[in-house]
Each structure stands twice: as C-alpha cells, then as structure tokens.
Amino acid sequence: MKRILIVDDSFYMRTMLKNMLTDAGYEIVGEAPNGQTALELAKETNPDLITLDVILPDNTGLDVLKGIKAEQPDMKIVIVSAVGQEVIVNEALEYGALSYIVKPFSEERVLEVVKKALEE
C-alpha cells in the first residue's frame, strides 16, 4: 500500500483529499497544516508521495518543496493549490514537483495524477 502525506492549511481540503485517497486504497501517514509540520512529517514518515499546497501560513509551498527535496531528493511531490499562475507552476516543476493540480479539482484528476506520480 502506497503511503501519502497531505500538506494543506485547510482542514476541509486535507479531509477531502484524505477521503479520496483512502477510498482509492492509499494509506495517509500524516496531515500537515503548515510548512514546519510538513518538513518534520516528511522526515518522520518517509511517505511514497506528498501532496503539497502552495499557500501555507508559515512558509510558501515552494520553500517547503525545496526543503524536502534538499533532505530527500527522491521524494515524490505533487502540488495541489488554488494558485494556478504559470510562473508558480513552472517554478514548482523546476524545483522537483512531479505534477501540479489546480483547485478546484475532480477526484478523477487527483487519482490519475497521484497514480502516475507513484509510477514514475
């Protein structure tokens, strides 16, 4: 079973993603409401994949992405954010995100992207 860490400041969004992913057979190893917790949980739980929001209360998702990649270069990270500007999307992909999902999203899109990212 593939293990996923969800990072989003919105409790509603974390719950929605968790329900979608557990229904699809994934194990959620943690939920982080901010960047600091995300960095700690990424190290502690060593998930197969992380879903990461760009807007976090204490950090930008891009800083968190860089921080995780510095410590765990092979970590698979998918950005899930309401911020869909091309500049941010391109920056995230440059820093090592495998994919970028813009909110609002469909369950099909999330599951398709997560499955593909885990196969890479």
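Buried means under 20% relative accessible area, exposed over 50%, and partly exposed in between. The legends below apply these terms to a predicted model.

**Figure 1. E27 at the start of strand 2.** E27 belongs to strand 2, which covers residues 27-32. Its relative accessibility is 34%, so E27 counts as partly exposed. Leaving out residues up to four places away in sequence, E27 touches M1, K2, R3 and I4. V54 is 27 residues from E27 in sequence, and the two C-alpha atoms are 23 Å apart in space.

**Figure 2. I4 in strand 1.** Strand 1 spans residues 3-7 and contains I4. I4 counts as buried because its relative accessibility is 0%, and the limit for buried is under 20%. Beyond its neighbours within four places in sequence, I4 is in contact with Y26, E27, I28, V29 and G30, among others. The contacts of I4 also include L21, P47, L49, T51 and V114. Between the C-alpha atoms of I4 and N46 the separation is 8.9 Å, with these positions 42 residues apart along the chain.

**Figure 3. N46 in the loop before strand 3.** N46 is found in the loop that joins helix 2 (35-45) to strand 3. Most residues other than glycine have a negative phi, and most peptide bonds are trans. N46 has a positive phi of about 40° although it is not a glycine. With a relative accessibility of 48%, N46 counts as partly exposed.

**Figure 4. The surroundings of D53.** D53 lies in the loop between strand 3 (49-52) and helix 3 (61-71). UniProt, in an unreviewed entry, places the feature "modified residue: 4-aspartylphosphate" at D53. The relative accessible area of D53 is 3%, so this residue is buried. Apart from residues up to four places away in sequence, D53 touches V7, D8 and D9. G61, V80, S81 and K103 are also touched by D53.

**Figure 5. The cis peptide bond from K103 to P104.** The bond from K103 to P104 is cis, with omega near -10°. P104 sits in the loop between strand 5 (99-102) and helix 5. K103, on the other side of this bond, is among the residues that D53 touches.

**Figure 6. I88 in helix 4.** Helix 4 comprises residues 86-94, and I88 is placed in this helix. With residues up to four places away in sequence left out, I88 touches V54, L62, V83 and Y100. For one of these partners, V54, the C-alpha atom is separated from that of I88 by 8.8 Å, and the two residues are 34 apart along the chain.

**Figure 7. The packing of helix 1 with helix 5.** Two packed helices are described by the angle between their axes and the distance between the axes. The axes of helix 1 (residues 11-23) and helix 5 (residues 107-119) come within 11 Å and cross at roughly 65°. The crossing of helix 1 with helix 5 is right-handed. On the helix 1 side the contact consists of L17, M20 and L21, which meet E107, V110, L111 and V114 of helix 5. By class, the residues of this contact are 6 nonpolar, no polar and 1 charged. Two of these residues, L21 and V114, are also among the contacts of I4.

**Figure 8. The whole chain, for orientation of the close-ups.** The protein has 5 helices and 5 strands, and from the N terminus on its elements run β-α-β-α-β-α-β-α-β-α. UniProt lists residues 3-118, in an unreviewed entry, as "domain: Response regulatory". Within residues 3-118, 48% is helix and 21% is strand, and the end C-alpha atoms of this span lie 10 Å apart. The C-alpha trace of the protein spans about 30 × 30 × 30 Å along its principal axes. A compact globule of 120 residues would have a radius of gyration near 14 Å, so the 13 Å of the protein agrees with such a globule. Of the 120 residues, 48% count as buried. Among contacts between residues at least 6 apart in sequence, 64% join residues at least 24 apart.

How values were computed
Residues numbered from 1 in each chain as written. Predicted model: local features only at pLDDT ≥ 70, side-chain atom pairs only at ≥ 80, totals over all residues. Heavy atoms only, no water. Axes fitted to C-alpha atoms, helices over the stretch in contact; angles between N-to-C directions. Helix = DSSP H or I, 4+ residues; strand = E, 2+ residues; numbered from the N terminus. Left-handed = near helix turned anticlockwise from the far one by under 90°. Contact = heavy atoms within 4.5 Å. Nonpolar A, V, L, I, M, F, W, Y, C, P; charged D, E, K, R; others polar. UniProt positions renumbered as here; feature names shortened; annotations may be inferred. Rg over C-alpha atoms; globule rule 2.2 N^0.38 Å. Buried < 20%, exposed > 50% of the residue type's maximum accessible area, 1.4 Å probe, protein only.
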